[in-house]
Amino acid sequence: MAGTEPEVTVGQLLLAEYESLKDEQKARIGFRDNLLYVTLAVVAAVIAAAAQAKQTSMLLALPPVCVVLGWTYLVNDEKISAIGKYVRVELGPRLAALAGAQAAFGWETFHRGDARRVSRKAVQLVVDLLAFCVVPLSALVVYWTGGGTSAGLVVLSAFEALAVAGLAAYIVVYAVPFTSAGNSAG
């Protein structure tokens with residue numbers, strides 16, 4: 001028939017969805033990884049400024065910055081993992097069934113069988129905790145023990161410590177491979 005548009009098949013839609021998800025995943029990976037570099041740069045700048053000014057109170061800028069960057073990192077990491085899980089659990093099997101194949105997108109499952117995966121996740125947990133939690137908590141300890149504290153800033157810093165501890169808990173719960181959140185996510 002003249003002027004008839006070709007039909008879009010379910011398979012084409014699923015492949016288009018896959019490509020779109022992988023593009024989003026790739027963009028999120030780049031953004032997430034850059035958050036570590038941004039955190040390191042901010043930490044270095046704040047420490048240098050505090051040392052130059054000889055004002056330990058300036059270190060109180062680190063906890064809120066690290067919590068915001070750490071939370072953003074964690075949320076992006078969760079979305080990256082959720083995309084991978086969706087491709088493995090939902091999209092791949094639907095496309096495989098449609099094509100009459102055993103499986104689709106084998107890499108999505110294959111790379112998860114690496115013998116060093118758990119050790120890599122453990123090392124990444126340590127890196128995440130160091131970058132986003134240990135550094136700001138250390139800054140708080142330096143402030144608390146450095147003298148020249150004020151009651152208002154001590155109260156503020158206590159709330160900052162609670163926020164950092166909360167972030168640390170979320171990072172651990174998300175990352176530990178022995179929890180259901182860790183197993184299903186990454």
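**View 1. Ser138 in helix H4 of the predicted model.** In this predicted model, Ser138 is partly exposed, its relative accessible area being 37%, a value that lies between the 20% below which a residue is called buried and the 50% above which a residue is called exposed. Ser138 belongs to helix H4, which covers residues 117–145. A second residue to locate in this view is Ile47, which is separated from Ser138 by 91 residues in sequence, while the C-alpha atoms of the two residues are 11 Å apart in space. UniProt, in an unreviewed entry, places the feature "transmembrane region" at residues 34–51, 57–75, 125–145 and 151–176.

**View 2. Thr39 and its contacts, with helix H1 as the frame.** Thr39 is part of helix H1, which runs over residues 10–53, and its relative accessibility is 2%, so Thr39 counts as buried. When neighbours within four places in sequence are set aside, the residues in contact with Thr39 are Cys66, Leu69, Ala131 and Phe132. The stretch 34–51, one of those to which the UniProt record assigns the name "transmembrane region", is 100% helix and 0% strand, with 26 Å between its end C-alpha atoms.

**View 3. Val46 in helix H1 and the residues it meets.** Val46 is also found in helix H1, and with a relative accessibility of 17% this residue counts as buried, the limit for that class being under 20%. Apart from neighbours within four places in sequence, Val46 is in contact with Met58, Leu59 and Leu62. Ala61 can be located in this view as well, since the C-alpha atoms of Val46 and Ala61 are separated by 7.4 Å, the two residues being 15 apart along the chain.

**View 4. Lys54 in the loop between helices H1 and H2.** Lys54 lies in the loop that connects H1 with helix H2, the latter covering residues 62–99. Most residues other than glycine have a negative phi. Lys54, which is not a glycine, nevertheless has a positive phi of about 55°. With a relative accessible area of 72%, Lys54 is exposed, the threshold for that class being over 50%.

**View 5. Phe105 in the loop between helices H2 and H3.** Phe105 sits in the loop between H2 and helix H3, which covers residues 107–110. The backbone of Phe105 has a phi near 60°, a positive value in a residue other than glycine. The relative accessibility of Phe105 is 17%, so this residue counts as buried.

**View 6. Asp77 in helix H2 and its surroundings.** Asp77 is located in helix H2, and its relative accessibility of 16% means that Asp77 counts as buried. Not counting residues up to four places away in sequence, Asp77 touches Arg32 and Tyr174. A further acidic residue to find here is Asp33, whose C-alpha atom is separated by 9.3 Å from that of Asp77, although their positions lie 44 residues apart along the chain when counted as a sequence separation. Tyr174, one of the residues touched by Asp77, falls within residues 151–176, a "transmembrane region" according to the UniProt record. Over residues 151–176 the chain is 96% helix and 0% strand, and the C-alpha atoms at the two ends are 37 Å apart.

**View 7. The whole chain as context for the close-ups.** The chain contains six helices and zero strands, and its elements, read from the N terminus, follow the order α-α-α-α-α-α. The radius of gyration is 23 Å, well over the 16 Å that the globule rule gives for 186 residues, so the chain is more spread out than a compact globule. Along its principal axes, the C-alpha trace spans about 80 × 45 × 25 Å. Of the 186 residues in the chain, 33% are buried, and the chain exposes about 11100 Å², with carbon and sulfur atoms supplying 68% of that area. Among contacts between residues at least 6 apart in sequence, 72% join residues at least 24 apart. For the charges, the mean position of the 14 positive ones and that of the 14 negative ones are 9 Å apart.

Notes. Residues numbered from 1 in each chain as written. Predicted model: local features only at pLDDT ≥ 70, side-chain atom pairs only at ≥ 80, totals over all residues. Heavy atoms only, no water. UniProt positions renumbered as here; feature names shortened; annotations may be inferred. Helix = DSSP H or I, 4+ residues; strand = E, 2+ residues; numbered from the N terminus. Rg over C-alpha atoms; globule rule 2.2 N^0.38 Å. Buried < 20%, exposed > 50% of the residue type's maximum accessible area, 1.4 Å probe, protein only. Contact = heavy atoms within 4.5 Å. Areas by Shrake-Rupley, 256 points an atom, 1.4 Å probe, with all protein chains shown as cover. Lys, Arg positive; Asp, Glu negative; His and termini not counted. Charge placed at Lys NZ, Arg CZ, Asp CG, Glu CD.
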